[in-house]
Structures are given as C-alpha cells and as structure tokens.
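Grab a pencil and work through these exercises with the model open beside you. Each one sets a task and then solves it step by step.

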Amino acid sequence: MDVRLDHLVCWVSDQLDSLHFYEQVIGLPGVRAEEFREGKAAFPSVRVSAETILDLMAYEASMGVDEGTGVKGSTGHPINHFCLAVGKEDFDELQVRLKRHGVEITGSGVNSFGAQGIAPETMFFPDPDGNVVEVRYYE
C-alpha cells in the first residue's frame with residue numbers, strides 16, 4: 001500500500017492570525033488564503049510539502065455536524081504535537097524568525113528519533129492557539 005499524509009487540521013481561534021503565523025513566522029505558503037480572505041473558502045490552509053497541507057479550522061466550525069462531510073466536530077480532542085522536517089539552514093533561519101516575532105522556544109532536543117531516523121536537533125514552540133509545533137532537521 002502506498003500511503004501519504006494528505007492533511008492535518010488544527011483548531012484555531014483566529015484563522016487570519018494563524019495564517020499569518022504559519023506563513024510569516026514559520027514560512028509555509030498559504031493555500032486558498034486569498035479565497036478565505038475574500039469569503040470564498042471556509043478555511044485557509046498552508047502547504048507543508050507537495051503532498052501535505054495543514055488546515056486552519058475555526059473552533060466554531062467544530063461544533064455540531066459538518067454539513068459537507070457529516071462528521072461531528074472534535075474540538076478538545078488533543079494531539080501532543082506535530083513535527084515539520086526542514087533543512088539545517090531553514091532550521092537556523094526559523095530560530096531567528098521565532099525570536100524576531102517573540103515566539104518562545106519551549107523545548108529542544110538532540111538525537112531525536114523520527115520518520116527519517118535520528119535528527120541532530122529539534123525545537124518545540126506553540127502556535128497562537130497553543131498547538132505545539134516541533135521542527136527538526138536531518139543530516
């Protein structure tokens with residue numbers, strides 16, 4: 001079976017604030033960002049890779065049943081964190097951007113196991129809604 005991660009959904013309190021954070025602070029390109037700003041899309045996303053996006057869904061959208069999918073909302077069902085893998089140079093540049101934007105790095109690690117083996121360095125920080133983001137690089 002050939003499986004890939006298509007998307008993750010983060011519950012956010014302010015979609016525009018979160019979009020700004022993921023685009024400007026982390027550096028992920030927006031997907032349907034303009035359509036969202038124009039009221040033509042229910043939520044914006046950011047591109048993690050060619051095959052994976054992160055959806056920024058408003059808390060209110062999680063209440064009740066989604067008309068399009070029939071799925072009942074799941075706000076409050078926690079996830080520990082999600083991890084983004086970048087190159088070493090991007091890792092170093094992100095640390096500078098986080099500091100410039102006043103985002104506290106709340107944890108770090110060395111020689112941490114992940115999908116591609118052992119990462120020499122990793123860091124953790126919250127997004128505007130407290131979702132924990134881990135970023136790491138592999139050599």
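**Exercise 1. Follow the pairings around strand S7.**

Start with S7 and S8: they run antiparallel and are joined by six bridges. Keep in mind as you go that this is a predicted model.

Step 1. Look for a pair on this ladder: Pro126 stands opposite Val132 in S8.

Step 2. Check the turn. The hairpin of S7 and S8 has five residues between the strands, and Gly130 there takes a positive phi near 85°.

Step 3. Now go to the partner S6. S6 and S7 also run antiparallel, with seven bridges joining them. On this ladder, Ser112 stands opposite Ala119 in S7, and a hairpin through two residues joins S6 to S7.

**Exercise 2. Work out the strand order of the sheet that holds S7, and say what packs on it.**

Step 1. Add the remaining strand. S5 runs parallel to strand S8 (residues 132–137), and five bridges join them. Ala85 stands opposite Arg136 in S8.

Step 2. Put the pairs in a row. You get an open sheet of four strands in the order S5-S8-S7-S6, with mixed pairing. The edge strands are S5 (82–86) and S6 (107–114), each of which pairs on one side only. On average, neighbouring strands of this sheet are turned by 30° against each other, direction ignored.

Step 3. Look for helices. Helix H1 (residues 15–26) packs on the sheet and touches S5, strand S7 (117–126) and S8, with its direction at about 130° to that of S7. Helix H3 (residues 88–100) packs on the sheet too, touching S5, S7 and S8, but its direction makes about 15° with that of S7.

**Exercise 3. Decide how H1 and H3 are arranged relative to each other.**

Step 1. Get the geometry: the axes of H1 and H3 come within 9 Å and cross at roughly 125°.

Step 2. Name the arrangement. That crossing makes H1 oblique to H3, because an angle between 115 and 145 degrees falls outside the parallel, perpendicular and antiparallel ranges.

Step 3. Find the meeting point: Gln24, Val25 and Ile26 in H1 meet Leu94, Arg97 and Leu98 in H3.

**Exercise 4. Describe the other four-strand sheet and place H1 on it.**

Step 1. Read off the order: this open sheet runs S1-S4-S3-S2, with mixed pairing.

Step 2. Find the edges. S1 and strand S2 (30–31) each have a single partner strand, so one side of each is left without a neighbour in the sheet.

Step 3. Zoom in on one pair. S2 and strand S3 (residues 45–47) pair in the antiparallel sense over two bridges, and the bridge partner of Val31 in S3 is Ser45.

Step 4. Bring back the helix: H1 lies across S1, S2, S3 and S4, running at about 155° to S4.

**Exercise 5. Track down the largest nonpolar core.**

Step 1. Some background first: in soluble globular proteins, nonpolar side chains tend to be buried together.

Step 2. Here, the largest nonpolar core has 23 residues, and those with the most contacts inside it are Tyr22, Ile26, Phe125, Val133 and Val135.

Step 3. Ask who contributes. Two or more residues come from each of strand S1 (7–12), H1, strand S4 (53–58), S5, H3, S7 and S8. The largest share, five residues, comes from H1.

Step 4. Pick one member and list its neighbours. Leaving out residues up to four places away in sequence, Tyr22 touches Cys10, Gly27, Leu28, Val46, Leu54, Leu56, Phe82, Asp127 and Val133.

**Exercise 6. Compare two loop residues, Ser13 and Asn131.**

Step 1. Locate them. Ser13 is in the loop between S1 and H1, while Asn131 lies in the loop between S7 and S8.

Step 2. Is Ser13 buried, exposed or partly exposed? Ser13 counts as partly exposed because its relative accessible area is 46%, and the partly exposed range goes from 20% to 50%.

Step 3. List the contacts of Ser13. Beyond four places in sequence, Ser13 touches Tyr59 and Asp129, and its side chain makes a polar contact with the side chain of Asp129 at 2.6 Å. Ser13 and Ala58 are 45 residues apart along the chain, yet their C-alpha atoms are separated by 5.7 Å.

Step 4. Do likewise for Asn131. The side chain of Asn131 reaches the backbone oxygen of Trp11 at 3.4 Å. Setting aside neighbours within four places in sequence, Asn131 is in contact with Cys10, Trp11, Phe125 and Pro126.

Terms used:
Residues numbered from 1 in each chain as written. Predicted model: local features only at pLDDT ≥ 70, side-chain atom pairs only at ≥ 80, totals over all residues. Heavy atoms only, no water. Pairing = 2+ DSSP bridges. Axes fitted to C-alpha atoms, helices over the stretch in contact; angles between N-to-C directions. Contact = heavy atoms within 4.5 Å. Core = buried A, V, L, I, M, F, W, Y, C linked by side-chain atoms within 4.5 Å. Buried < 20%, exposed > 50% of the residue type's maximum accessible area, 1.4 Å probe, protein only. Polar contact = N/O pair within 3.5 Å; in protein donor to acceptor, adjacent residues only side chain to side chain. Parallel < 35°, antiparallel > 145°, perpendicular 65-115°, else oblique.
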